[in-house]
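Here is a short note for a colleague who is meeting this structure for the first time. Please keep the sequence and the 3D view open while reading.

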Protein chains: 2
Amino acid sequence: MSWRKEQSRAERGYHHGNLKEALLQAALGLIAEKGAAGFTFADAARMAGVSAAAPYRHFRDRDELLSSIAQRGFEQFEQRLTAAWDDGRPDTVTAFERVGKAYLAFAREEPAFYNAMFESGLPVDANPALQAASERAFNIIRAAAERLAALAPLGTPRPPAMMMALHIWSMAHGVASLFSRGDAARRKLPMSPDELLEAEVLIYLRGLGFPTDRRPPGKGAEPPPVPPEASSGSGVPPGGPWGKPK
Amino acid sequence: MSWRKEQSRAERGYHHGNLKEALLQAALGLIAEKGAAGFTFADAARMAGVSAAAPYRHFRDRDELLSSIAQRGFEQFEQRLTAAWDDGRPDTVTAFERVGKAYLAFAREEPAFYNAMFESGLPVDANPALQAASERAFNIIRAAAERLAALAPLGTPRPPAMMMALHIWSMAHGVASLFSRGDAARRKLPMSPDELLEAEVLIYLRGLGFPTDRRPPGKGAEPPPVPPEASSGSGVPPGGPWGKPK
DNA sequence: CAGCTCATGTGAACGACTTTTACATGAGCC
DNA sequence: GGCTCATGTAAAAGTCGTTCACATGAGCTG
(Lines give C-alpha, C1' and ligand atoms only; values in the text may rest on other atoms or scores of the structure.)
Protein backbone atom coordinates (compact mmCIF):
# COMPACT_ATOMS: atom_id res chain seq x y z
CA MET A 1 0.00 0.00 0.00
CA SER A 2 2.23 2.72 1.25
CA TRP A 3 5.01 1.53 -0.90
CA ARG A 4 7.95 3.86 -0.71
CA LYS A 5 6.18 6.72 0.96
CA GLU A 6 7.96 8.89 3.44
CA GLN A 7 11.36 7.95 2.13
CA SER A 8 14.11 10.49 2.00
CA ARG A 9 15.33 11.59 -1.35
CA ALA A 10 18.69 9.95 -0.74
CA GLU A 11 17.41 6.46 -0.24
CA ARG A 12 14.84 6.87 -2.94
CA GLY A 13 16.97 8.09 -5.76
CA TYR A 14 16.03 10.62 -8.39
CA HIS A 15 13.06 8.72 -9.67
CA HIS A 16 10.18 7.85 -7.45
CA GLY A 17 9.06 4.88 -9.45
CA ASN A 18 5.46 4.92 -8.36
CA LEU A 19 4.56 8.55 -8.08
CA LYS A 20 1.15 8.50 -9.68
CA GLU A 21 -0.16 5.96 -7.25
CA ALA A 22 1.59 7.59 -4.33
CA LEU A 23 -0.04 10.90 -5.19
CA LEU A 24 -3.47 9.35 -5.37
CA GLN A 25 -3.01 7.73 -1.99
CA ALA A 26 -1.66 10.91 -0.46
CA ALA A 27 -4.52 12.95 -1.86
CA LEU A 28 -7.01 10.43 -0.55
CA GLY A 29 -5.63 10.83 2.93
CA LEU A 30 -5.56 14.59 2.71
CA ILE A 31 -9.11 14.82 1.43
CA ALA A 32 -10.31 12.54 4.19
CA GLU A 33 -8.71 14.90 6.69
CA LYS A 34 -9.44 18.30 5.32
CA GLY A 35 -12.02 17.91 2.61
CA ALA A 36 -11.61 18.28 -1.12
CA ALA A 37 -11.56 22.06 -0.77
CA GLY A 38 -8.71 22.02 1.72
CA PHE A 39 -6.65 19.52 -0.17
CA THR A 40 -3.52 20.83 -1.77
CA PHE A 41 -1.52 19.65 -4.72
CA ALA A 42 1.68 20.81 -3.07
CA ASP A 43 0.87 18.89 0.08
CA ALA A 44 0.36 15.70 -1.82
CA ALA A 45 3.69 16.19 -3.55
CA ARG A 46 5.38 16.85 -0.22
CA MET A 47 3.84 13.76 1.28
CA ALA A 48 5.14 11.69 -1.60
CA GLY A 49 8.57 13.23 -1.12
CA VAL A 50 8.85 14.98 -4.48
CA SER A 51 8.99 18.58 -5.60
CA ALA A 52 5.85 20.60 -6.18
CA ALA A 53 6.25 20.38 -9.93
CA ALA A 54 6.55 16.62 -10.14
CA PRO A 55 2.82 15.87 -10.01
CA TYR A 56 2.37 17.69 -13.30
CA ARG A 57 4.09 14.79 -15.02
CA HIS A 58 1.13 12.63 -14.07
CA PHE A 59 -1.87 14.96 -13.85
CA ARG A 60 -2.68 17.92 -16.04
CA ASP A 61 -3.62 19.89 -12.96
CA ARG A 62 -5.14 19.63 -9.52
CA ASP A 63 -8.59 19.04 -10.92
CA GLU A 64 -7.46 16.04 -12.88
CA LEU A 65 -6.15 14.44 -9.73
CA LEU A 66 -9.51 15.08 -8.10
CA SER A 67 -11.28 13.62 -11.10
CA SER A 68 -9.17 10.50 -10.96
CA ILE A 69 -10.07 10.02 -7.35
CA ALA A 70 -13.75 10.57 -8.02
CA GLN A 71 -13.59 8.07 -10.83
CA ARG A 72 -11.90 5.47 -8.72
CA GLY A 73 -14.50 6.21 -6.07
CA PHE A 74 -17.38 5.57 -8.43
CA GLU A 75 -15.82 2.28 -9.39
CA GLN A 76 -15.50 1.11 -5.80
CA PHE A 77 -18.96 2.45 -5.11
CA GLU A 78 -20.35 0.41 -7.95
CA GLN A 79 -18.66 -2.70 -6.63
CA ARG A 80 -20.06 -2.25 -3.17
CA LEU A 81 -23.57 -1.56 -4.39
CA THR A 82 -23.37 -4.57 -6.66
CA ALA A 83 -22.28 -6.77 -3.80
CA ALA A 84 -25.01 -5.40 -1.57
CA TRP A 85 -27.68 -5.90 -4.17
CA ASP A 86 -26.50 -9.47 -4.72
CA ASP A 87 -28.89 -9.75 -7.60
CA GLY A 88 -31.88 -9.37 -5.34
CA ARG A 89 -31.22 -12.26 -2.98
CA PRO A 90 -32.80 -13.48 -0.81
CA ASP A 91 -35.71 -11.27 -1.78
CA THR A 92 -36.00 -7.99 -3.56
CA VAL A 93 -37.05 -5.84 -0.63
CA THR A 94 -34.35 -7.13 1.68
CA ALA A 95 -31.72 -6.69 -0.97
CA PHE A 96 -33.00 -3.24 -1.75
CA GLU A 97 -32.58 -2.13 1.80
CA ARG A 98 -29.15 -3.62 1.92
CA VAL A 99 -28.24 -1.36 -0.98
CA GLY A 100 -29.35 1.64 1.02
CA LYS A 101 -27.17 0.59 3.91
CA ALA A 102 -24.25 0.00 1.62
CA TYR A 103 -24.68 3.53 0.30
CA LEU A 104 -24.44 4.98 3.78
CA ALA A 105 -21.61 2.67 4.74
CA PHE A 106 -19.63 3.85 1.76
CA ALA A 107 -20.23 7.49 2.62
CA ARG A 108 -19.11 6.82 6.16
CA GLU A 109 -16.16 4.56 5.50
CA GLU A 110 -14.79 6.29 2.44
CA PRO A 111 -15.29 9.94 3.19
CA ALA A 112 -12.54 10.97 0.84
CA PHE A 113 -14.07 9.18 -2.11
CA TYR A 114 -17.53 10.35 -1.25
CA ASN A 115 -16.32 13.89 -0.93
CA ALA A 116 -14.55 13.83 -4.26
CA MET A 117 -17.53 12.19 -5.93
CA PHE A 118 -20.35 14.30 -4.61
CA GLU A 119 -19.11 17.28 -2.69
CA SER A 120 -16.04 18.56 -4.45
CA GLY A 121 -18.03 20.62 -6.90
CA LEU A 122 -16.30 19.18 -9.91
CA PRO A 123 -18.52 19.01 -12.96
CA VAL A 124 -19.34 15.37 -13.58
CA ASP A 125 -20.48 16.06 -17.09
CA ALA A 126 -17.20 17.65 -18.11
CA ASN A 127 -15.37 14.33 -18.07
CA PRO A 128 -16.95 11.54 -20.09
CA ALA A 129 -15.10 8.76 -18.29
CA LEU A 130 -16.18 10.15 -14.96
CA GLN A 131 -19.74 10.51 -16.08
CA ALA A 132 -19.75 6.96 -17.36
CA ALA A 133 -18.43 5.64 -14.08
CA SER A 134 -21.05 7.62 -12.23
CA GLU A 135 -23.78 6.19 -14.42
CA ARG A 136 -22.56 2.66 -13.98
CA ALA A 137 -22.88 3.08 -10.24
CA PHE A 138 -26.33 4.60 -10.53
CA ASN A 139 -27.39 1.77 -12.80
CA ILE A 140 -27.10 -0.65 -9.92
CA ILE A 141 -29.72 1.31 -8.06
CA ARG A 142 -31.73 1.59 -11.19
CA ALA A 143 -31.65 -2.11 -11.90
CA ALA A 144 -32.73 -2.79 -8.36
CA ALA A 145 -35.59 -0.36 -8.79
CA GLU A 146 -36.67 -2.11 -11.96
CA ARG A 147 -36.94 -5.37 -10.12
CA LEU A 148 -38.81 -3.73 -7.35
CA ALA A 149 -41.16 -2.04 -9.76
CA ALA A 150 -41.96 -5.35 -11.37
CA LEU A 151 -43.03 -6.64 -7.98
CA ALA A 152 -45.10 -3.67 -6.96
CA PRO A 153 -48.64 -4.64 -6.11
CA LEU A 154 -51.14 -3.87 -8.79
CA GLY A 155 -53.90 -1.54 -7.82
CA THR A 156 -51.49 1.00 -6.45
CA PRO A 157 -50.47 3.86 -8.68
CA ARG A 158 -46.76 3.64 -9.09
CA PRO A 159 -44.00 5.67 -10.67
CA PRO A 160 -41.62 4.52 -13.37
CA ALA A 161 -38.70 2.48 -12.15
CA MET A 162 -36.34 5.26 -13.11
CA MET A 163 -38.13 7.61 -10.81
CA MET A 164 -38.05 5.13 -7.99
CA ALA A 165 -34.33 4.80 -8.44
CA LEU A 166 -33.91 8.54 -8.27
CA HIS A 167 -36.02 8.65 -5.16
CA ILE A 168 -33.86 6.13 -3.43
CA TRP A 169 -30.73 7.86 -4.54
CA SER A 170 -31.93 11.19 -3.24
CA MET A 171 -32.90 9.72 0.12
CA ALA A 172 -29.57 8.01 0.54
CA HIS A 173 -27.61 11.01 -0.61
CA GLY A 174 -29.67 13.35 1.53
CA VAL A 175 -29.11 11.35 4.67
CA ALA A 176 -25.45 10.75 3.90
CA SER A 177 -24.75 14.32 3.05
CA LEU A 178 -26.60 15.86 5.96
CA PHE A 179 -25.92 13.44 8.75
CA SER A 180 -23.51 10.71 7.91
CA ARG A 181 -20.23 12.54 7.61
CA GLY A 182 -17.83 13.00 10.49
CA ASP A 183 -16.45 15.66 8.25
CA ALA A 184 -17.81 19.13 8.67
CA ALA A 185 -21.43 20.12 9.13
CA ARG A 186 -22.10 17.52 11.73
CA ARG A 187 -25.55 17.79 13.21
CA LYS A 188 -26.66 15.88 16.22
CA LEU A 189 -29.34 13.31 15.69
CA PRO A 190 -31.61 11.44 18.04
CA MET A 191 -30.90 8.30 16.00
CA SER A 192 -28.31 6.80 13.72
CA PRO A 193 -28.24 7.71 10.04
CA ASP A 194 -28.73 4.04 9.29
CA GLU A 195 -31.93 3.86 11.26
CA LEU A 196 -33.08 7.08 9.74
CA LEU A 197 -32.59 5.88 6.20
CA GLU A 198 -33.97 2.45 6.87
CA ALA A 199 -37.20 3.87 8.25
CA GLU A 200 -37.42 6.32 5.38
CA VAL A 201 -37.05 3.65 2.76
CA LEU A 202 -39.51 1.38 4.52
CA ILE A 203 -42.17 4.04 4.66
CA TYR A 204 -41.53 4.81 1.04
CA LEU A 205 -41.86 1.17 0.08
CA ARG A 206 -45.04 0.89 2.05
CA GLY A 207 -46.28 3.89 0.12
CA LEU A 208 -45.72 1.85 -3.00
CA GLY A 209 -47.86 -0.91 -1.60
CA PHE A 210 -45.15 -3.25 -0.45
CA PRO A 211 -45.94 -5.19 2.65
CA THR A 212 -43.36 -4.15 5.17
CA ASP A 213 -43.36 -6.01 8.37
CA ARG A 214 -46.49 -6.99 10.26
CA ARG A 215 -49.75 -5.69 9.01
CA PRO A 216 -51.73 -2.97 10.72
CA PRO A 217 -53.90 -4.51 13.42
CA GLY A 218 -57.45 -4.00 12.22
CA LYS A 219 -56.95 -3.50 8.53
CA GLY A 220 -58.38 -6.30 6.51
CA ALA A 221 -57.41 -5.31 3.02
CA GLU A 222 -53.65 -5.22 3.04
CA PRO A 223 -52.38 -5.23 -0.53
CA PRO A 224 -52.01 -8.79 -1.79
CA PRO A 225 -48.56 -10.29 -1.52
CA VAL A 226 -46.38 -10.52 -4.54
CA PRO A 227 -45.94 -13.61 -6.69
CA PRO A 228 -43.01 -15.81 -5.73
CA GLU A 229 -41.08 -14.23 -2.93
CA ALA A 230 -42.65 -11.17 -1.37
CA SER A 231 -44.23 -12.91 1.55
CA SER A 232 -41.49 -13.16 4.08
CA GLY A 233 -39.61 -10.85 6.35
CA SER A 234 -37.63 -8.21 4.46
CA GLY A 235 -35.15 -7.81 7.27
CA VAL A 236 -37.30 -5.53 9.33
CA PRO A 237 -36.55 -5.81 13.01
CA PRO A 238 -39.55 -6.87 15.06
CA GLY A 239 -41.53 -3.86 16.06
CA GLY A 240 -40.44 -1.96 13.00
CA PRO A 241 -37.49 0.38 12.69
CA TRP A 242 -38.91 3.12 14.86
CA GLY A 243 -40.64 1.29 17.68
CA LYS A 244 -44.24 1.49 18.53
CA PRO A 245 -46.42 4.45 17.72
CA LYS A 246 -47.33 6.09 20.94
CA MET B 1 -29.02 47.08 -4.57
CA SER B 2 -25.68 47.72 -6.15
CA TRP B 3 -25.30 50.95 -4.32
CA ARG B 4 -21.95 52.43 -5.05
CA LYS B 5 -20.45 49.39 -6.59
CA GLU B 6 -18.04 49.67 -9.47
CA GLN B 7 -17.18 53.24 -8.63
CA SER B 8 -13.68 54.49 -9.09
CA ARG B 9 -11.73 55.43 -6.06
CA ALA B 10 -11.75 59.09 -7.03
CA GLU B 11 -15.48 59.50 -7.09
CA ARG B 12 -15.90 57.39 -4.03
CA GLY B 13 -13.43 58.98 -1.68
CA TYR B 14 -11.22 57.23 0.78
CA HIS B 15 -14.03 55.69 2.73
CA HIS B 16 -16.44 53.34 1.13
CA GLY B 17 -19.25 54.00 3.52
CA ASN B 18 -20.99 50.70 3.03
CA LEU B 19 -18.26 48.18 2.60
CA LYS B 20 -19.58 45.39 4.75
CA GLU B 21 -22.79 45.17 2.80
CA ALA B 22 -21.01 45.60 -0.51
CA LEU B 23 -18.71 42.71 0.34
CA LEU B 24 -21.60 40.46 1.24
CA GLN B 25 -23.32 41.25 -2.03
CA ALA B 26 -20.15 40.77 -4.03
CA ALA B 27 -19.45 37.46 -2.33
CA LEU B 28 -22.99 36.34 -2.99
CA GLY B 29 -22.53 36.98 -6.66
CA LEU B 30 -19.18 35.26 -6.79
CA ILE B 31 -20.40 32.20 -4.95
CA ALA B 32 -23.36 31.93 -7.26
CA GLU B 33 -20.95 31.95 -10.18
CA LYS B 34 -18.09 29.85 -9.01
CA GLY B 35 -19.20 28.08 -5.85
CA ALA B 36 -18.10 28.67 -2.30
CA ALA B 37 -14.82 26.91 -2.97
CA GLY B 38 -13.94 29.13 -5.90
CA PHE B 39 -14.92 32.32 -4.19
CA THR B 40 -12.07 34.59 -3.26
CA PHE B 41 -11.73 37.23 -0.61
CA ALA B 42 -9.53 39.29 -2.87
CA ASP B 43 -12.08 39.12 -5.66
CA ALA B 44 -14.83 40.41 -3.43
CA ALA B 45 -12.63 43.30 -2.36
CA ARG B 46 -11.79 44.08 -5.96
CA MET B 47 -15.43 44.00 -6.91
CA ALA B 48 -16.22 46.45 -4.14
CA GLY B 49 -13.41 48.67 -5.33
CA VAL B 50 -11.23 48.47 -2.24
CA SER B 51 -7.83 47.05 -1.46
CA ALA B 52 -7.35 43.41 -0.53
CA ALA B 53 -6.80 44.30 3.11
CA ALA B 54 -9.95 46.34 3.58
CA PRO B 55 -12.31 43.41 4.16
CA TYR B 56 -10.40 42.54 7.30
CA ARG B 57 -11.92 45.59 8.95
CA HIS B 58 -15.31 43.89 8.68
CA PHE B 59 -14.65 40.18 8.80
CA ARG B 60 -12.07 38.33 10.85
CA ASP B 61 -11.24 36.22 7.82
CA ARG B 62 -12.68 34.63 4.74
CA ASP B 63 -14.55 32.05 6.77
CA GLU B 64 -16.37 34.67 8.72
CA LEU B 65 -17.68 36.20 5.54
CA LEU B 66 -18.87 32.79 4.46
CA SER B 67 -20.49 32.27 7.83
CA SER B 68 -22.30 35.57 7.59
CA ILE B 69 -23.69 34.60 4.25
CA ALA B 70 -24.77 31.20 5.49
CA GLN B 71 -26.46 32.82 8.44
CA ARG B 72 -28.30 35.29 6.30
CA GLY B 73 -29.24 32.39 4.08
CA PHE B 74 -30.74 30.43 6.93
CA GLU B 75 -32.78 33.45 7.91
CA GLN B 76 -34.21 33.89 4.44
CA PHE B 77 -34.71 30.17 4.21
CA GLU B 78 -36.69 30.20 7.42
CA GLN B 79 -38.85 33.02 6.14
CA ARG B 80 -39.64 31.22 2.93
CA LEU B 81 -40.43 27.97 4.63
CA THR B 82 -42.63 29.78 7.11
CA ALA B 83 -44.52 31.50 4.34
CA ALA B 84 -44.91 28.23 2.44
CA TRP B 85 -46.14 26.39 5.49
CA ASP B 86 -48.65 29.16 6.20
CA ASP B 87 -49.55 27.50 9.42
CA GLY B 88 -50.91 24.49 7.65
CA ARG B 89 -53.54 26.20 5.51
CA PRO B 90 -55.66 25.17 3.73
CA ASP B 91 -54.89 21.69 4.98
CA THR B 92 -51.87 20.05 6.46
CA VAL B 93 -50.92 17.83 3.57
CA THR B 94 -51.20 20.55 0.95
CA ALA B 95 -49.18 22.93 3.08
CA PHE B 96 -46.63 20.24 3.72
CA GLU B 97 -46.03 19.75 0.06
CA ARG B 98 -45.78 23.45 -0.46
CA VAL B 99 -42.94 23.45 2.02
CA GLY B 100 -41.13 20.86 -0.05
CA LYS B 101 -41.51 22.97 -3.15
CA ALA B 102 -40.33 26.04 -1.30
CA TYR B 103 -37.23 24.12 -0.27
CA LEU B 104 -36.39 23.30 -3.87
CA ALA B 105 -37.28 26.78 -5.05
CA PHE B 106 -34.87 28.24 -2.56
CA ALA B 107 -32.09 25.93 -3.63
CA ARG B 108 -32.72 26.83 -7.24
CA GLU B 109 -33.25 30.55 -6.88
CA GLU B 110 -30.63 31.25 -4.26
CA PRO B 111 -27.78 28.97 -5.23
CA ALA B 112 -25.25 31.13 -3.46
CA PHE B 113 -27.05 30.98 -0.16
CA TYR B 114 -27.73 27.28 -0.53
CA ASN B 115 -24.12 26.64 -1.36
CA ALA B 116 -22.85 28.58 1.64
CA MET B 117 -25.38 26.90 3.91
CA PHE B 118 -25.02 23.31 2.88
CA GLU B 119 -22.13 22.79 0.54
CA SER B 120 -19.36 25.06 1.65
CA GLY B 121 -18.07 22.62 4.23
CA LEU B 122 -18.07 25.15 7.02
CA PRO B 123 -18.74 23.60 10.39
CA VAL B 124 -22.22 24.65 11.45
CA ASP B 125 -21.59 23.69 15.02
CA ALA B 126 -18.57 25.94 15.35
CA ASN B 127 -20.65 29.09 15.27
CA PRO B 128 -23.51 29.23 17.79
CA ALA B 129 -25.38 31.97 15.95
CA LEU B 130 -25.17 30.00 12.74
CA GLN B 131 -26.27 26.83 14.40
CA ALA B 132 -29.22 28.63 15.98
CA ALA B 133 -30.29 30.06 12.64
CA SER B 134 -30.01 26.63 11.09
CA GLU B 135 -32.15 25.15 13.81
CA ARG B 136 -34.79 27.81 13.50
CA ALA B 137 -35.13 26.95 9.83
CA PHE B 138 -35.31 23.25 10.54
CA ASN B 139 -37.90 23.88 13.20
CA ILE B 140 -40.36 24.97 10.56
CA ILE B 141 -40.11 21.57 8.97
CA ARG B 142 -40.26 19.98 12.34
CA ALA B 143 -43.38 21.87 13.39
CA ALA B 144 -45.03 20.90 10.13
CA ALA B 145 -44.12 17.29 10.78
CA GLU B 146 -45.64 17.48 14.25
CA ARG B 147 -48.91 18.60 12.81
CA LEU B 148 -48.75 15.91 10.21
CA ALA B 149 -47.96 13.29 12.79
CA ALA B 150 -50.97 14.30 14.84
CA LEU B 151 -53.12 13.64 11.81
CA ALA B 152 -51.62 10.34 10.81
CA PRO B 153 -54.26 7.65 10.61
CA LEU B 154 -54.30 5.39 13.56
CA GLY B 155 -53.70 1.78 12.88
CA THR B 156 -50.56 2.55 10.89
CA PRO B 157 -47.26 2.28 12.64
CA ARG B 158 -45.65 5.67 12.47
CA PRO B 159 -42.35 7.25 13.39
CA PRO B 160 -41.84 10.13 15.78
CA ALA B 161 -42.49 13.54 14.30
CA MET B 162 -38.83 14.40 14.60
CA MET B 163 -37.95 11.49 12.41
CA MET B 164 -40.54 12.46 9.85
CA ALA B 165 -39.07 15.93 9.76
CA LEU B 166 -35.61 14.51 9.16
CA HIS B 167 -36.97 12.30 6.43
CA ILE B 168 -38.48 15.22 4.64
CA TRP B 169 -35.36 17.26 5.06
CA SER B 170 -33.19 14.52 3.66
CA MET B 171 -35.46 14.03 0.64
CA ALA B 172 -35.52 17.71 -0.13
CA HIS B 173 -31.81 18.12 0.39
CA GLY B 174 -31.03 15.02 -1.60
CA VAL B 175 -33.03 16.15 -4.59
CA ALA B 176 -31.78 19.71 -4.35
CA SER B 177 -28.19 18.73 -3.96
CA LEU B 178 -28.13 16.10 -6.69
CA PHE B 179 -30.39 17.59 -9.30
CA SER B 180 -31.58 21.06 -8.60
CA ARG B 181 -28.43 23.09 -8.95
CA GLY B 182 -27.42 24.70 -12.20
CA ASP B 183 -24.11 24.92 -10.50
CA ALA B 184 -21.76 22.01 -10.94
CA ALA B 185 -22.62 18.36 -10.96
CA ARG B 186 -25.58 18.73 -13.22
CA ARG B 187 -27.12 15.46 -14.20
CA LYS B 188 -29.78 15.09 -16.77
CA LEU B 189 -33.18 13.99 -15.59
CA PRO B 190 -36.24 12.66 -17.38
CA MET B 191 -38.33 14.93 -15.16
CA SER B 192 -38.10 18.12 -13.19
CA PRO B 193 -36.69 18.09 -9.67
CA ASP B 194 -40.00 19.47 -8.49
CA GLU B 195 -41.93 16.57 -9.91
CA LEU B 196 -39.37 14.19 -8.54
CA LEU B 197 -39.63 15.53 -5.02
CA GLU B 198 -43.38 15.87 -5.13
CA ALA B 199 -43.82 12.25 -6.11
CA GLU B 200 -41.31 11.16 -3.51
CA VAL B 201 -43.07 12.99 -0.72
CA LEU B 202 -46.46 11.75 -1.85
CA ILE B 203 -45.36 8.15 -1.81
CA TYR B 204 -43.81 8.68 1.59
CA LEU B 205 -47.01 10.20 2.93
CA ARG B 206 -49.00 7.37 1.52
CA GLY B 207 -46.66 5.05 3.34
CA LEU B 208 -47.70 6.80 6.51
CA GLY B 209 -51.31 6.11 5.74
CA PHE B 210 -52.30 9.47 4.33
CA PRO B 211 -54.76 9.44 1.50
CA THR B 212 -52.92 11.05 -1.37
CA ASP B 213 -55.04 10.25 -4.36
CA ARG B 214 -56.84 13.03 -6.15
CA ARG B 215 -60.22 13.99 -4.91
CA PRO B 216 -63.14 12.34 -6.57
CA PRO B 217 -64.24 14.68 -9.36
CA GLY B 218 -67.57 15.39 -7.72
CA LYS B 219 -65.83 16.12 -4.43
CA GLY B 220 -68.79 16.59 -2.19
CA ALA B 221 -67.19 17.29 1.14
CA GLU B 222 -64.30 19.71 1.05
CA PRO B 223 -62.44 19.13 4.27
CA PRO B 224 -63.13 21.69 6.95
CA PRO B 225 -60.17 24.02 7.58
CA VAL B 226 -58.16 22.88 10.51
CA PRO B 227 -59.28 20.55 13.27
CA PRO B 228 -60.96 17.61 11.59
CA GLU B 229 -59.22 17.68 8.24
CA ALA B 230 -57.21 14.54 7.75
CA SER B 231 -59.29 13.27 4.91
CA SER B 232 -58.50 14.39 1.40
CA GLY B 233 -57.08 17.27 -0.58
CA SER B 234 -53.31 17.41 -0.96
CA GLY B 235 -53.01 19.28 -4.22
CA VAL B 236 -52.24 16.28 -6.33
CA PRO B 237 -52.44 17.08 -10.01
CA PRO B 238 -55.06 15.09 -11.86
CA GLY B 239 -53.65 11.76 -12.80
CA GLY B 240 -51.19 11.86 -10.00
CA PRO B 241 -47.66 13.14 -10.21
CA TRP B 242 -46.30 10.37 -12.37
CA GLY B 243 -49.09 9.45 -14.71
CA LYS B 244 -50.84 6.17 -14.91
CA PRO B 245 -49.27 2.91 -13.96
CA LYS B 246 -48.88 0.88 -17.06
C1' DC C 1 -14.44 76.28 13.81
C1' DA C 2 -10.01 73.87 15.49
C1' DG C 3 -8.41 69.82 17.01
C1' DC C 4 -8.62 65.12 18.43
C1' DT C 5 -9.76 60.36 17.93
C1' DC C 6 -10.92 56.21 16.14
C1' DA C 7 -13.13 53.53 12.60
C1' DT C 8 -11.98 52.51 8.15
C1' DG C 9 -9.02 52.09 4.13
C1' DT C 10 -4.04 51.66 1.86
C1' DG C 11 0.41 49.57 0.47
C1' DA C 12 3.91 46.61 1.31
C1' DA C 13 5.39 42.36 2.78
C1' DC C 14 5.33 37.16 4.01
C1' DG C 15 4.49 32.55 3.15
C1' DA C 16 1.74 29.14 0.67
C1' DC C 17 -0.25 27.52 -3.53
C1' DT C 18 -0.70 26.65 -8.79
C1' DT C 19 1.35 26.37 -12.92
C1' DT C 20 5.05 26.91 -16.50
C1' DT C 21 9.75 26.60 -18.21
C1' DA C 22 14.34 25.25 -18.82
C1' DC C 23 17.33 21.93 -17.22
C1' DA C 24 18.98 17.32 -14.83
C1' DT C 25 18.86 12.35 -14.15
C1' DG C 26 18.93 7.77 -15.00
C1' DA C 27 16.17 3.31 -16.63
C1' DG C 28 15.68 0.75 -20.50
C1' DC C 29 16.94 -0.26 -24.99
C1' DC C 30 20.20 -0.53 -29.21
C1' DG D 1 28.67 1.95 -23.80
C1' DG D 2 25.85 5.37 -25.37
C1' DC D 3 21.06 7.37 -26.61
C1' DT D 4 16.76 8.85 -25.52
C1' DC D 5 12.80 9.93 -23.30
C1' DA D 6 9.98 9.57 -19.26
C1' DT D 7 10.36 11.47 -14.98
C1' DG D 8 12.07 14.61 -11.59
C1' DT D 9 14.15 19.46 -10.05
C1' DA D 10 14.78 24.39 -9.38
C1' DA D 11 13.32 28.80 -10.31
C1' DA D 12 10.06 32.17 -11.45
C1' DA D 13 5.55 34.45 -12.24
C1' DG D 14 1.07 35.24 -10.69
C1' DT D 15 -2.62 34.62 -7.14
C1' DC D 16 -4.39 34.33 -2.32
C1' DG D 17 -4.89 35.00 2.63
C1' DT D 18 -3.33 37.59 6.26
C1' DT D 19 -0.75 41.02 8.99
C1' DC D 20 1.31 45.46 9.97
C1' DA D 21 2.49 50.17 9.97
C1' DC D 22 0.58 54.07 8.24
C1' DA D 23 -3.02 57.36 5.96
C1' DT D 24 -7.56 59.49 5.83
C1' DG D 25 -11.42 61.77 7.19
C1' DA D 26 -16.20 61.62 9.75
C1' DG D 27 -17.87 63.05 13.82
C1' DC D 28 -17.47 64.55 18.47
C1' DT D 29 -15.69 67.99 21.96
C1' DG D 30 -14.79 72.26 23.37
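The points below begin with conventions and then turn to the two protein chains and DNA strand C.

1. This is a predicted model, in which local features need pLDDT of at least 70 and side-chain atom pairs count only at pLDDT 80 or more, while totals for chains, interfaces and linings use all residues. Residues are numbered from 1 along each chain as its sequence is written, chains are lettered from A in the order in which they are written, and side-chain values use heavy atoms, without hydrogens and water.

2. Chain B is superposed on chain A by a rotation of 180 degrees with 0.1 Å of shift along its axis, at an RMSD of 0.1 Å (a least-squares fit on the C-alpha atoms of residues with pLDDT of at least 70 in both). The two copies are thus related as by a two-fold rotation axis.

3. DNA strand C is surrounded by 25 residues, where near means that a heavy atom of the residue lies within 4 Å of the strand. The closest are Arg46(A), Tyr14(B), Ser51(B), Arg57(B) and His58(B). α3(A) gives the largest share of this surface, three residues.

4. Of the atoms of DNA strand C within 4 Å of the protein, 62% belong to sugar or phosphate, and the rest to bases.

5. Phosphate oxygens of DNA strand C lie 2.6 Å from a polar backbone atom of Ser51(B) and 2.6 Å from a side-chain N or O atom of His58(B). For His16(B), a backbone N or O atom is 3.1 Å from a phosphate oxygen of the strand.

Notes: Polar contact = N/O pair within 3.5 Å; in protein donor to acceptor, adjacent residues only side chain to side chain. Helix = DSSP H or I, 4+ residues; strand = E, 2+ residues; numbered from the N terminus.
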